[in-house]
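Got a fold in front of you and wondering how the labels were earned? Let's take the calls one by one and check the reasoning behind each.

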Amino acid sequence: MAFSLKGRMALIMLAGALLTVLGVLATAYHSLLNDFEQLYSQRQFNATVRAAEQVEQSLILRQQVLDTVALQLSDGLNLLPPDTLQARLARQEQLNTLFSGGVLVYNANATAIAETRFVPGRVGTNYADRDYFKAVQRTRKPVISAPLTGRTTGDPLVVFVSPVLSDDGDLLGMLGGVVNLATGSILPEKQLAEARREGVNFRILDTEHQLYVYNGDHQSQALQPLPAPGEDALIDAVLFNDRLGVVTLNGEKRWVYASTYLQKLGWVFVRALPHQQVITPANAFFKRFAGISLLIGAALALFAFWMAWTAMRPLEAMTRRIHAMTQQSSDIPLPETGVPELARLARAFNRLSAERRALSQVKDDFVAVVSHELRTPLTSINGALRLVNSGMTGPLPEKAAELTGLAQRNGERLQYLINDLLDFSKLSSGKMTLTPVCCCLNDIIDEALQGNGPMAQEKGVSLRNAGDGPLPVLIDPLRMRQLLDNLISNAIKFSPAGGQVRVLTEHTESGVQLTVSDQGDGIPDVFAGRLFERFSQAEHGTMRACGGTGLGLAICKELIELMGGRIGFYNRNGAHFWIELPAPLFAGLQQEASHENTTTPL
């Protein structure tokens with residue numbers, strides 16, 4: 001179904017208004033979601049920071065208490081007897097509150113010798129193989145262990161160890177406090193309960209040992225390893241991405257998360273909120289905003305439709321008048337009446353028509369003058385100059401010979417330019433015809449190279465035919481020679497001294513390709529799009545100084561298209577102009593070869 005210009009403009013305005021509103025809504029919704037995601041991510045991050053700070057303060061308090069008690073377990077030279085140690089530990093009621101797994105005293109070899117909370121088999125057990133005891137023996141400094149499984153209890157534990165030192169700094173023993181992670185005393189219980197109420201997924205990870213310290217909504221009775229990569233998208237995002245963001249699984253957003261790293265223990269605190277819970281308030285706000293926007297957009301669209309419909313109606317009369325003028329080939333101008341915009345449009349159209357007719361007449365007059373008034377006398381002048389320069393009228397003085405030679409060269413150049421104009425005029429009007437004959441393409445190339453030899457010698461450029469051998473083709477040899485002369489002469493003009501112009505022929509799937517290459521600077525990028533336009537010449541370096549009408553390549557393009565082929569170029573260490581001749585132009589190759597190879601029987 002075809003719409004009028006008026007209808008199209010109205011539809012365009014309606015569609016534009018609708019698309020604008022939809023675009024604004026889409027952008028607003030996307031921005032709104034991003035803002036809510038960032039807001040909730042920041043909230044989760046602040047909560048994880050508070051949780052991490054609480055845990056860190058709890059760790060510092062436990063370690064300080066343990067260090068203080070450790071100072072009371074020696075006389076400065078030796079560790080106190082086990083009975084005395086047991087008695088002193090019994091008086092430290094705060095220890096049982098801070099260390100849910102009990103407090104133990106170890107000798108210098110890490111063997112338990114006293115405890116505050118009885119666990120069968122724990123006193124007398126040696127723990128020297130534990131890394132945290134080795135660290136205390138080596139550094140004489142307090143150490144907090146990574147989460148581990150108790151040797152006698154089997155529960156997940158964190159052990160605090162403080163050294164008991166002599167006055168000389170020798171290690172006399174160690175005081176250890178055990179926190180049972182199954183009871184959760186080291187974790188921010190208040191925040192865990194708050195997270196459960198809000199539907200927040202709160203986890204604590206030991207990234208160094210790849211273990212869960214806390215997983216889900218309850219304390220685990222055993223240490224759980226972190227899932228393998230790819231099994232839990234939230235854990236993957238925390239371990240391998242930013243500290244806060246959105247987890248996407250199978251193209252769907254699942255979690256808005258944030259994480260904080262506790263340096264002292266190497267733990268990561270993670271809070272994640274379901275994405276649906278984040279976007280619920282955003283959707284409610286957006287629905288109100290979208291309703292108001294659509295009402296405003298509908299009003300604007302109706303107004304735009306009315307304006308377009310009203311503005312385009314007067315153009316219908318002018319369109320019908322212009323159509324009548326073209327159908328009747330009439331030069332009657334359009335009436336310059338009506339609203340100012342239409343009057344100016346009619347006036348511009350009338351002026352354009354008048355200038356077009358004038359330019360067409362000037363072109364026709366110019367071509368007529370060139371063909372009938374310039375070429376004939378110029379041919380006579382050039383012929384006379386050639387006779388004089390050939391010596392048929394007698395020898396000339398040196399200065400006169402130089403001047404007549406210059407005159408002959410410029411006359412021939414002028415005739416070449418006039419021939420270009422006439423050829424292009426014939427090609428543009430479709431009056432040029434070709435006379436294809438079966439001939440050898442390499443012979444035409446050799447003739448063109450030989451004809452351009454003096455010019456190449458003057459420029460210090462060598463010429464080379466890189467064809468493989470005889471290549472019979474069915475073309476117009478005169479126009480093919482003209483085309484090659486244009487390309488070869490251009491290549492010589494733009495080649496540096498000592499360069500080489502190379503003509504290569506080769507078979508392709510669609511026919512034969514001929515390439516003329518030089519070793520110059522190539523075609524400037526800014527000029528490449530206008531290269532085959534008439535009266536076009538590149539102004540690049542000294543290239544304008546090469547002269548010419550700018551019709552050579554335009555004629556080449558018209559000629560090769562008249563032959564059914566294509567022309568183009570590329571830059572690679574110089575300019576490479578290629579011509580593709582279609583298969584029918586060298587279809588006589590096999591026929592010619594078969595005639596030459598056939599012998600007549602006796």
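What follows is a run of questions and answers on sheets, helix packing and salt bridges in this predicted model.

Q: What makes β8 and β9 count as paired strands?
A: Pairing takes at least two bridges between the strands. Strand β8 (residues 211-215) is joined to β9 by two bridges, so the pair qualifies, and the strands run antiparallel. Leucine 211 has proline 225 in β9 as its bridge partner.

Q: Which sheet do these strands belong to, and in what order do its strands come?
A: Six strands make up an open sheet, ordered β9-β8-β7-β12-β11-β10, with antiparallel pairing.

Q: Why are β9 and β10 said to stand at the edges?
A: Because β9 (224-225) and β10 (244-249) each have a single partner strand, one side of each is left without a neighbour in the sheet.

Q: Which helices pack on this sheet or lie across its strands?
A: Helix α5 (residues 189-198) lies across β7 (201-206), β8 and β12 (267-274), at about 25 degrees to β12. Helix α6 (residues 233-240) packs on the sheet too, touching β7, β8, β10, β11 (252-262) and β12. The direction of α6 makes about 55 degrees with that of β7.

Q: What makes lysine 253 and glutamate 37 a salt bridge?
A: The cut-off is a side-chain nitrogen of Lys or Arg within 4 Å of a carboxyl oxygen of Asp or Glu. Here N to O comes to 3.0 Å, so the pair passes. Lysine 253 sits in strand β11 and glutamate 37 in helix α1 (residues 5-70), so the contact ties together parts 216 residues apart in sequence.

Q: Are the two partners, lysine 253 and glutamate 37, buried or exposed?
A: Buried means under 20% relative accessible area, and exposed means over 50%. Glutamate 37 has 7%, so it counts as buried. Lysine 253 has 35%, which falls in between, so it is partly exposed.

Q: How do you know that arginine 271 and glutamate 198 form a salt bridge?
A: Their closest N and O atoms are 3.7 Å apart, within the 4 Å limit, so the label holds. Arginine 271 belongs to strand β12 and glutamate 198 to helix α5, so the pair ties together parts 73 residues apart in sequence. Arginine 271 is at 4% relative accessibility and counts as buried, whereas glutamate 198, at 37%, is partly exposed.

Q: Why are arginine 203 and aspartate 232 called buried?
A: Arginine 203 has 10% relative accessibility and aspartate 232 has 17%. Both values are under 20%, so both residues get the label. These two form a salt bridge, with the closest N and O atoms 2.9 Å apart. The pair ties together strand β7 and the loop between β9 and α6.

Q: How many salt bridges does the rule give?
A: Eight.

Q: What makes β14 and β16 a pair in the other sheet?
A: They share four bridges where at least two are needed, so they pair, here in the parallel sense. Serine 462 has glutamine 500 in β16 as its bridge partner. The sheet is open, has five strands in the order β14-β16-β17-β19-β18, and its pairing is mixed. Helix α11 (residues 441-451) lies across β14, β16 and β17 (511-517), running at about 175 degrees to β14.

Definitions and conventions
Residues numbered from 1 in each chain as written. Predicted model: local features only at pLDDT ≥ 70, side-chain atom pairs only at ≥ 80, totals over all residues. Heavy atoms only, no water. Contact = heavy atoms within 4.5 Å. Axes fitted to C-alpha atoms, helices over the stretch in contact; angles between N-to-C directions. Buried < 20%, exposed > 50% of the residue type's maximum accessible area, 1.4 Å probe, protein only.
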